[in-house]
Amino acid sequence: MTAPETNQPPTPDDGTVGRTATGGDGPASDKPPAHRPYHHPTAGWGAAKSVSRVLIKERALLDGPRAIFKMNHENGGFDCPGCAWPDDTKGLKLDICENGIKHVTWEMTGKRVGAAFFAQHTVSELAQWSDFALEDQGRLTEPMVYDAASDAYVPISWQDAFDLIGHELRALDSPDEAAFYTSGRLSNEATFLYQLMAREFGTNNLPDCSNMCHEASGRALQAALGTGKGTADLKDWETADALFIMGVNAASNAPRMLTALAEAYRRGAQIVHVNPLVEAAATSTIVPHEFTDMALFKATRTSTLNLQVRAGGDMALLRGMAKAVLEESRTDPKALDKEFIERYTQGFEEYRALCEATSWEELEQQSGLSRADILKAAGVYSRSDRTLISWCLGLTQHEHGVDTVREIVNVLLLRGNLGREGAGPSPVRGHSNVQGNRTCGIDHRPQETFLDRLAEICRIDPPREHGMDTVATIEAMNQGRVKVFVGMGGNFVLAAPDTEYTAQGLRRCALTVHVSTKLNRSHLVHGQKALILPCLGRTEKDHQRRGLQSVSVEDSMSMVHLSVGMKKPASPHLLSEPAIIAGMARAALPQSETPWESYIEDYDRVRDTMAQVLDGFEDFNRRVRLPLGFRIRQPARELVFLTPSGRAEFSAAPLPEAPPQDDVLILQTMRSHDQWNTTIYSDNDRYRGISNLRTLILMNGDDMRARSIAPDSLVDITATARDGSRRHLERYRAIAYDMPRGCAAGYMPEMNVLVAAADYSRQSNQPLMKNIKVRVTPSPEQ
């Protein structure tokens, strides 16, 4: 078998990282790239056609439909392993989406990767394959260990794998020389056991994908409201008079949101989308489970106003809305909820003065919008009795992400849009149970109250020093301060910033361990010793000594519910994630008094312990079995603010710096529609009209003309990092796209190489994936 071809140019050094191009329907495509603007409704028959192709391609014509009727259902169903959008509360029988079905069939594939496959292919050979080709080989079936002599992975028993991990961990000079990463896919039970193992071992080095996505949201909401989560739930989406959707590509990242947007439009709510790109979700949709609309090709609008803010200009828009509301209050006292402000908030007068001192000229320059457009948004807000503001990575992956999310809270507080139905802040988490991971202990900066309870109930002595997040872990690996890296799920080397620097750090580790369902790039960028440990997927049955087990997950609106797999495991040699964690823990902590074996026999025992340790999980085993589970109590929703002042805190942060010089563009990385995180299903991006192409940059037409760049021509991209270093991508195709001047966009993970390790927010430590300063020039050879 030869390496599948790829049209992805090599990365700056040896080309072994970031080879992600796939071709249209497989590892390679001879179809020419194409771009045709997309003017159709989202979802609808386009989604149905795509799902049919996926089911046929994956030979899932039986299991696929069966999974569709099991996914996101109570009473024995499994939770979609895709996004974290809440399950329908009205008994919907098809609470699914195109991307969820893609994700499930990707997991249920009949293809297998075992010892025979690795015997045929060295790691050096596999490193030349595209990332699509690697994952397309199928499900991993048995534990494997890297053999340096043959440059290949070879089989290893589970016990020998655990013994190797235990030996390497116990040989460290300090527990802080290990890092325990999670991608966000872990169940609540596995999460709790994972953090328990790390803390009993002696470290808070628990980096996770939230460090790269919503860290800014958590820090901002904690400072403003005393909670790291949004306060709104799905019923609030169903009753809001106005919805502001900021920095979200809902049709691809949270497709089930389209149902909420369509329903909101039909009941007369105002829907404002704020994004440099007018994404397809901000136009119209045909909801597939609304069969009459499908039959009649009847689309429903999903927006009433689209504002194309410049990248990073959201905070200025929000400040402008606040300024307009404050100006309106001079003649209309009802423009502000003065009683709410006086009773529940602190810092209002300072914030009022800041808004009044900010000129409209600065707000226009910073936001990239006209004063008239800002006033349109403010008018929607001031006329709404119940307003909900939702956001995603378009706001958080900036230097000032924390300040921007706090500005959202500022705007909501002005009119008392908190603690009542149809109102509040609502961050969109992009991965199933990433919020549950943080709730259940994956936090490198744990609160003292949590550690105290963990010590009391679990009888361990957890470390009190803060651990390392993702950015710090990458730096520590490169400096030799982290020598063992354990990754629970994900594809760390491609998800992280500064691709080659991250790969270099992993290669310097004494041991890398990846718990995965499929082969990916991170397995090939390994330490001196390396293990691949295959685990059960969300769709698979988990049988332990006490019978079939269920796990729980938390959605992005704090609902916790059970998930039970439906399918026979891909291999008899697979272990569940809790069982793998317990095996590692027992090997690394031979004197541990934690009942690891008992926990794995029956996950109810894990939940009983969690109920004693975690706030909001009291009576866990009973409540999680209620229809739709239970919602974790949110004090701020009840107007109880766990802040130092006991009140909701206004922020008086200054606006960020003005846009950069004329020849610099602000580049944002994004996912295509045919992609989930680092998993790429094809080179197509239906909702943006892109076919057979991923090595591209979307640009404003005037910016292209100013640089003598012809449409669809090849360009070179240079990013200058905060530390002065430069990174390059060559021969990317420039596509003219509707976006503000000074902005550009392209796909991750290909463009992660442009984000230097030093390019992270000093507010949140998040990599600046949406604020990459680049220069774009025509390629010398066209």
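Here is a short walk through four spots in this structure, which is a predicted model.

Let's start with helix 16, which runs over residues 348–357. Which of its residues are buried? Phe348, Tyr351 and Cys355 are. These three cover an arc of only 65 degrees around the axis, so they sit on the same side of helix 16. There's a general pattern behind this kind of spacing: an α-helix has 3.6 residues a turn, so residues three or four places apart point the same way. Turn to the other side of helix 16 and you'll find Glu349, Glu350 and Ala357, which are exposed. And what covers the buried residues? The cover includes helix 14 (314–328) and helix 15 (338–344), along with strand 13 (345–346) and helix 20 (401–414).

Next, let's look for empty space inside the model. Rolling a probe the size of a water molecule over the atoms shows where such space is left. Here the structure turns out to hold 7 cavities of 30 Å³ or more. Take the second largest cavity, with its volume of about 80 Å³. Its lining is made up of 13 residues, and those nearest the centre are His273, Asn275, Leu277, Ala282 and Asn306. Two elements give two or more residues to this lining: strand 9 (270–274) and strand 12 (305–307). What sort of residues face this cavity? By class, the lining of the second largest cavity has 8 nonpolar, 4 polar and 1 charged residues.

Now hop along the chain to a loop, the one between strand 28 (690–691) and strand 29 (696–699), where Arg694 is found. Is Arg694 buried or exposed? Its relative accessibility is 2%, and because buried means under 20%, Arg694 counts as buried. The side chain of Arg694 has a partner too: a polar contact of 3.0 Å joins it to the side chain of Gln675.

The last stop is another loop, between strand 32 (743–747) and strand 33 (772–778), and the residue to find there is Ala756. Ala756 has a relative accessible area of 1%, so this residue is buried as well. What does Ala756 touch? Leaving out residues up to four places away in sequence, Ala756 touches Asp498, Ala721, Ser725 and Arg727. For a sense of distance, you can compare Ala756 with Val776: they are 20 residues apart in sequence, and their C-alpha atoms are 17 Å apart in space.

Notes:
Residues are numbered from 1 along each chain as its sequence is written. This is a predicted model: local features need pLDDT of at least 70, side-chain atom pairs count only at pLDDT 80 or more; totals for chains, interfaces and linings use all residues. Side-chain values use heavy atoms; hydrogens and water are left out. Buried means under 20% relative accessible area, exposed over 50%, partly exposed in between (1.4 Å probe, protein chains only). Helices (H or I, at least four residues) and strands (E, at least two) are DSSP runs, numbered from the N terminus. The arc is that of the directions from the helix axis to the C-beta atoms. Contact means heavy atoms within 4.5 Å. A polar contact is a pair of N or O atoms within 3.5 Å; within protein, one must be able to donate a hydrogen and the other to accept it, and residues adjacent in sequence count only if both atoms are side-chain atoms. On a 1 Å grid over the protein atoms alone, a cavity is a set of points where a 1.4 Å probe fits but cannot get out, and a pocket is an open set with protein on both sides within 12 Å along at least five of seven lines; lining residues have an atom within 4 Å of a point. Grid points are joined across faces, edges and corners, and a volume is the space filled by probe spheres set on the points. Ala, Val, Leu, Ile, Met, Phe, Trp, Tyr, Cys and Pro count as nonpolar, Asp, Glu, Lys and Arg as charged, and the others, Gly among them, as polar.
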